[in-house]
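User: I should like to learn how to read individual features of a structural model. Could we work through an example together?

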Amino acid sequence: MTFLDALDDPVLEPLPGEVRLWPATRVQALFAAGVHPGPITDTLSTRLGIPVADIEMQQVEDRAWEREWLRDFHPMRFGERLWVCPWHERISDAEAAVIVGLDPGLAFGTGTHPTTALCLEWLDAHIGGAERVIDYGCGSGILAIAAVKLGGAHAHCFDIDPQALLATGENARANAVGSQITICPSTQALPADVEVLVANILSAPLRQLARSFATRVHPGGHVVLAGLLEQEAGDVTQAYRPWFDMSSFGDREGWVGLSGRRRIRIRRN
């Protein structure tokens with residue numbers, strides 16, 4: 001059974017185990033072949049309190065469903081060097097490319113969402129000098145894997161969803177960078193003094209984490225923030241200004257990416 005948005009009311013990043021429904025929710029369910037639709041529609045109508053006319057039934061041909069969801073996922077380029085490529089496809093100019101192999105999975109992050117794309121483009125333009133990276137809210141691990149493959153020295157990954165941590169570890173090993181990526185089960189395990197901290201989450205936690213992020217970024221290092229809408233960029237920028245020189249580095253489909261350079265404090269005698 002799948003819950004879908006019946007209108008256009010986005011629900012962004014529910015907590016692990018949380019089932020957050022839309023104001024108007026469409027329920028989609030699959031039943032075994034040969035089941036008669038009459039009793040099903042009658043039961044659903046009674047249990048859900050909706051007219052039978054609002055319940056749509058259709059025959060679905062049996063297919064290799066595990067491959068169906070890969071049909072529309074093709075190699076994507078971000079910036080000059082970086083590609084995200086499903087494992088079943090190849091890139092023609094592979095020698096000049098930095099390739100992250102990834103298939104869609106249970107954890108968020110394949111590069112198709114504008115916020116992920118913005119972060120990948122920033123990494124492509126700025127990583128390459130053995131940087132130490134924190135990927136906060138790692139999802140599939142795509143940003144951490146990309147950072148390491150682009151030339152970063154090591155990435156530490158954290159997410160509030162245990163499924164994301166499992167997916168990140170599996171994807172890192174599949175991309176042969178498992179030794180350069182550390183999975184952190186809690187924020188206490190994250191290092192301090194890194195050159196880059198990237199967080200593709202939501203605006204509210206981004207604001208709340210500003211001071212914490214500042215303690216983990218080396219003076220002169222960068223924080224990269226995404227997951228915020230255009231109207232939220234100002235408040236997030238204000239939250240980070242005590243420690244970072246902030247600016248927008250891109251926007252896409254109403255989403256904005258912010259980056260900030262950690263100020264170097266000069267001790268006065």
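Analyst: Let us begin with a polar contact: the side chain of Asp159 reaches the backbone nitrogen of Asp161 at 2.9 Å. Please bear in mind that this is a predicted model.

User: Which other backbone nitrogen does the side chain of Asp159 reach?

Analyst: A polar contact requires a pair of N or O atoms within 3.5 Å. The side chain of Asp159 also meets this with the backbone nitrogen of Gly139, at 2.9 Å.

User: Where is the place of Asp159, and is the residue buried or exposed?

Analyst: Asp159 lies in the loop between β7 (154-158) and α5 (162-174). Buried means under 20% relative accessible area. Asp159 has 9% relative accessibility, and therefore counts as buried.

User: Which residues does Asp159 touch, leaving aside those up to four places away in sequence?

Analyst: With that exclusion, Asp159 touches Gly137, Cys138, Gly139, Ala164 and Leu165.

User: How should one read a strand, and why is β9 described as largely enclosed?

Analyst: In a regular strand, side chains alternate between the two faces of the sheet. Strand β9 spans residues 194-200, and six of its seven residues are buried, so the rest of the structure largely encloses this strand.

User: How many bridges join β6 to β9, and how many join β9 to β10?

Analyst: Strand β6 (residues 132-136) runs parallel to β9 and is joined to it by four bridges; in this pairing, Val133 stands opposite Val196 of β9. Strand β10 (residues 217-229) also runs parallel to β9, with six bridges between them. There, Val198 stands opposite Val224 of β10.

Technical notes
Residues numbered from 1 in each chain as written. Predicted model: local features only at pLDDT ≥ 70, side-chain atom pairs only at ≥ 80, totals over all residues. Heavy atoms only, no water. Buried < 20%, exposed > 50% of the residue type's maximum accessible area, 1.4 Å probe, protein only. Helix = DSSP H or I, 4+ residues; strand = E, 2+ residues; numbered from the N terminus. Pairing = 2+ DSSP bridges. Polar contact = N/O pair within 3.5 Å; in protein donor to acceptor, adjacent residues only side chain to side chain. Contact = heavy atoms within 4.5 Å.
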